[in-house]
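Biologist: Could you walk me through this one slowly? I would like to understand how its parts fit together.

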Amino acid sequence: MTLQDIPKIKHTKSNNFFLLCGPCAIEGEDMALRIAEKVVSITNKLEIPYIFKGSFKKANRSRIDSFTGIGDEKALKILKKVSDTFDIPTVTDIHEISDAHLAAQYVDVLQIPAFLVRQTDLVVAAAKTGKVVNLKKGQFMSPEAMKHAVQKVKDAGSNKAWITDRGTMFGYQDMIVDFRGIPTMRQYAPTVLDVTHSLQQPNQSAGVTGGRPDMIETIARAGIVNHVDGLFIETHFDPANAKSDGANMLHLDNLEQLLSNLVAIRKTINSL
């Protein structure tokens, strides 16, 4: 897969990492457009290929009373409006086979959640839409095992897939990033590092996932040094009141400085 497989993507000749960035979940039209406008401005300035990220629904909540979405088609139409307004590609995660066809009508990249990446029928359904497929490595899987997920996409008739590492379970309530896995997975497909989800602290007794946003730049820098093809960063202008994953999201005000630092590191790495 190449970046040119993604409709509307810009700055593909900048030799930068590409970026998946946006809120965890679509909470409404105004918030989605506000976040997208800011990220588009930053990524255009820094010449970073950019894909807007937002979940149209959240099916893997710890508690039954957690926020799951504003309505499937309502959220998908907002993702389409973001794409049309800013002329950028979009990505959203799917959880059921029927989601693949539905979401493919609105977005450019279909994301398979980490807990579901071994679900063959779901991966095949995503691949058969013809969309690019983002395969998130299961927290319980080795990097080597991801070659089989990539192969499922290929066997379904598509070469348009990449892998996203989102950390590995370390005990019951923490995640770690094993950077040895990046060169391994890059043998199978372009590889993205999901910075913010790698800093989650799941399975808290309250049923609300915690996180370590203070470590975002540390993990992101290490990813760039280790040649990831892309970064995945969730951001919000008010993480404390975000309806999903606020504990590990980056404040939108901090995004430009972070990306500026990472672009500088990338340029140095490219020169070695």
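Modeller: Strand β1 covers residues 18-22, and 5 of its 5 residues are buried, so the strand is largely enclosed by the rest of the structure. Buried here means under 20% relative accessible area, while exposed means over 50% and partly exposed lies in between, with a 1.4 Å probe and protein chains only. Helices (H or I, at least four residues) and strands (E, at least two) are DSSP runs, numbered from the N terminus.

Biologist: Before we go on, what kind of model is this, and how are residues numbered?

Modeller: This is a predicted model, in which local features need pLDDT of at least 70 and side-chain atom pairs count only at pLDDT 80 or more, whereas totals for chains, interfaces and linings use all residues. Residues are numbered from 1 along each chain as its sequence is written, and side-chain values use heavy atoms, with hydrogens and water left out.

Biologist: Which residues of β1 point one way, and which the other?

Modeller: Phe18, Leu20 and Gly22 point one way from β1, Leu19 and Cys21 point the other way, and all are buried.

Biologist: And which strands does β1 pair with?

Modeller: β1 pairs in the parallel sense with strand β12, residues 230-236, over 5 bridges, and Cys21 stands opposite Ile233 in β12. β1 is also joined by 3 bridges to strand β2, residues 50-53, again running parallel, and there the bridge partner of Leu19 is Tyr50. For two strands to count as paired, DSSP must find at least two bridges between them.

Biologist: What else does β12 pair with?

Modeller: β12 pairs with β9 in the parallel sense over 3 bridges, with Gly230 of β12 as the bridge partner of Val192. β9 also pairs in the parallel sense with strand β6, residues 161-165, over 3 bridges, and on that side Ile163 has Thr191 in β9 as its bridge partner.

Biologist: How do the side chains of β9 point?

Modeller: Thr191 and Leu193 point one way from β9, while Val192 and Asp194 point the other way, and all are buried.

Biologist: Let me pick out Leu193. Is it buried or exposed?

Modeller: Leu193, which sits in strand β9 (residues 191-194), is buried, with a relative accessible area of 1%. Leaving out residues up to four places away in sequence, Leu193 touches several others, including Asp165, Val177, Phe179, Ile219 and Leu231, where a contact means heavy atoms within 4.5 Å. The C-alpha atoms of Leu193 and Ile182 are separated by 8.3 Å, and these two residues are 11 residues apart along the chain.

Biologist: Switching to helices, which residues of α4 are buried?

Modeller: In helix α4, residues 120-128, the buried residues are Leu122, Val123, Ala125, Ala126 and Ala127. They pack against α3 (97-104), β4, β5 (132-136) and α5 (146-155). Just after α4, Gly130 takes a positive phi of about 85°.

Biologist: You mentioned β4. What is it joined to?

Modeller: Strand β3, residues 90-93, is joined to β4 by 3 bridges, and the two run parallel; Val91 has Val109 in β4 as its bridge partner. From β4, residues 109-112, Val109 and Gln111 point one way and Leu110 and Ile112 the other way, and all are buried.

Biologist: Which residues other than glycine have a positive phi?

Modeller: Among them are Glu47, with phi near 60°, and Asp87, with phi near 55°. Glu47 lies in the loop between α1 (29-46) and β2, and at 45% relative accessibility it counts as partly exposed. Asp87 lies in the loop between α2 (72-86) and β3, and it is partly exposed as well, with a relative accessible area of 37%.

Biologist: Stepping back, how many helices and strands are there in the chain, and what is its radius of gyration?

Modeller: The chain has 8 helices and 13 strands. Its radius of gyration is 17 Å, which agrees with the value near 19 Å for a compact globule of 272 residues; that radius is taken over C-alpha atoms, and the globule rule is 2.2 Å times the number of residues to the power 0.38. Buried residues make up 54% of the 272 residues.

Biologist: What share of the contacts join residues at least 24 apart?

Modeller: Among contacts between residues at least 6 apart in sequence, 71% join residues at least 24 apart.
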